[in-house]
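Dear colleague,

Please find below the structure that I am handing over to you. My notes on it follow directly after.

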Amino acid sequence: MAKKKIELKKELGIFQVTLAGVGIIIGAGIYTLLGVAASNSGNATWLAFLISALIAIFTGLSYAELSSMFKGDAGEYDYVKTAFNKELAFFVGMSIITAGFISAATVALGFAGYFTQFVSLPLLVVAIGLIILMTLINFIGIKEVSWFNTVSTLIEVAGVLLIIFLGFKHIGNVNYLEMPKGLSGVFSSAALVFFAYMGFESIVKLKEETKNGDKVIPKALMYAVIITTILYVLVAISAVSII
């Protein structure tokens, strides 16, 4: 008896996928890395974000091209398996999963750090609780998760826009090319803040749940990187202008 092929519901459009990408990219990274980056690149922190964005865009273009060529949503595993072999594809797949664990833990701890400023709870308990809650939400269904992502992303973006707004009246107060450690400090910060862009590759995993995924996924991927780059650069400029 032939096994029935299980297919996922195609519920997502360009708006939902782009917002999901923006939400994945904008996380605790911008809030936890900005100060550390500024210690190396000074007022030129915006340039560090721009350099990282350039690297992210080239990587994003590669994902966009590959996602339009492959039908499934296995992402990196499919790409490496086709180009090389299953063994290397398995290794890359496991590496991606490991990176996911690390980035999820970092974001959860970043959230917990802020949350515990208002509620007296152990940092680790809050971080684990957040991961469990997000896991349960993902089990409900892609349509419901999409709505949750939309609301969460809009809240995230609102927080970033608030910082930009607060710094708007201070823009022009400093020399934005002042680099306390020179270009080496800027490139050092760029390597660090690239972490803030991680996650955009996860958009390709939504392909089987996206209407007309071959065209929508590449566009959403690039839109997400461009939108977050603009927000990151403006936040960096606002932050150094205020401080």
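P180 is exposed, with a relative accessible area of 56%, where exposed means over 50%, buried under 20% and partly exposed in between (1.4 Å probe, protein chains only). This proline is placed in the loop between α7 (142-168) and α8 (182-193); helices are DSSP runs (H or I, at least four residues), numbered from the N terminus. From P180 to I24 the C-alpha distance is 32 Å, and 156 residues separate the two in sequence.

Please note that this is a predicted model, in which local features need pLDDT of at least 70 and side-chain atom pairs count only at pLDDT 80 or more, while totals for chains, interfaces and linings use all residues. Residues are numbered from 1 along each chain as its sequence is written, and side-chain values use heavy atoms, with hydrogens and water left out.

I24 itself belongs to helix α1 (residues 14-25). At 37% relative accessibility, I24 counts as partly exposed. I24 and T153 lie 129 residues apart in sequence, yet their C-alpha atoms are 8.3 Å apart in space.

A second loop residue is P122, found between α5 (86-115) and α6. P122 is partly exposed, its relative accessible area being 49%. Its C-alpha atom is 29 Å from that of S39, with the two positions 83 residues apart in sequence.

Turning to the surface, L109, L123, L124, I128, I132, L136 and F139 make a nonpolar patch of about 720 Å². Patches are made of residues with over 30% relative accessible area and no salt bridge, with nonpolar side chains (Val, Leu, Ile, Met, Phe, Trp, Tyr) joined within 5 Å and like charges within 9 Å. A salt bridge is a side-chain nitrogen of Lys or Arg within 4 Å of a carboxyl oxygen of Asp or Glu, and accessible areas come from the Shrake-Rupley method with a 1.4 Å probe, where for residues only the protein chains shown count as cover. Helix α6 (residues 123-140) gives the most to this patch, with six residues. F139 is found in α6 and is exposed, at a relative accessible area of 68%.

Finally, helix α3 (residues 45-69) and helix α9 (residues 213-242) have axes that come within 9 Å and cross at roughly 175 degrees. Axes are lines fitted to C-alpha atoms, for helices over the stretch in contact, and angles run from 0 to 180 degrees between N-to-C directions. The helices α3 and α9 are therefore roughly antiparallel to each other, a term used for angles over 145 degrees. S241 is placed in α9 and counts as buried, at 6% relative accessibility. S241 and I171 are 70 residues apart in sequence and 5.5 Å apart in space, C-alpha to C-alpha.

Yours sincerely

Methods
Helix = DSSP H or I, 4+ residues; strand = E, 2+ residues; numbered from the N terminus. Parallel < 35°, antiparallel > 145°, perpendicular 65-115°, else oblique.
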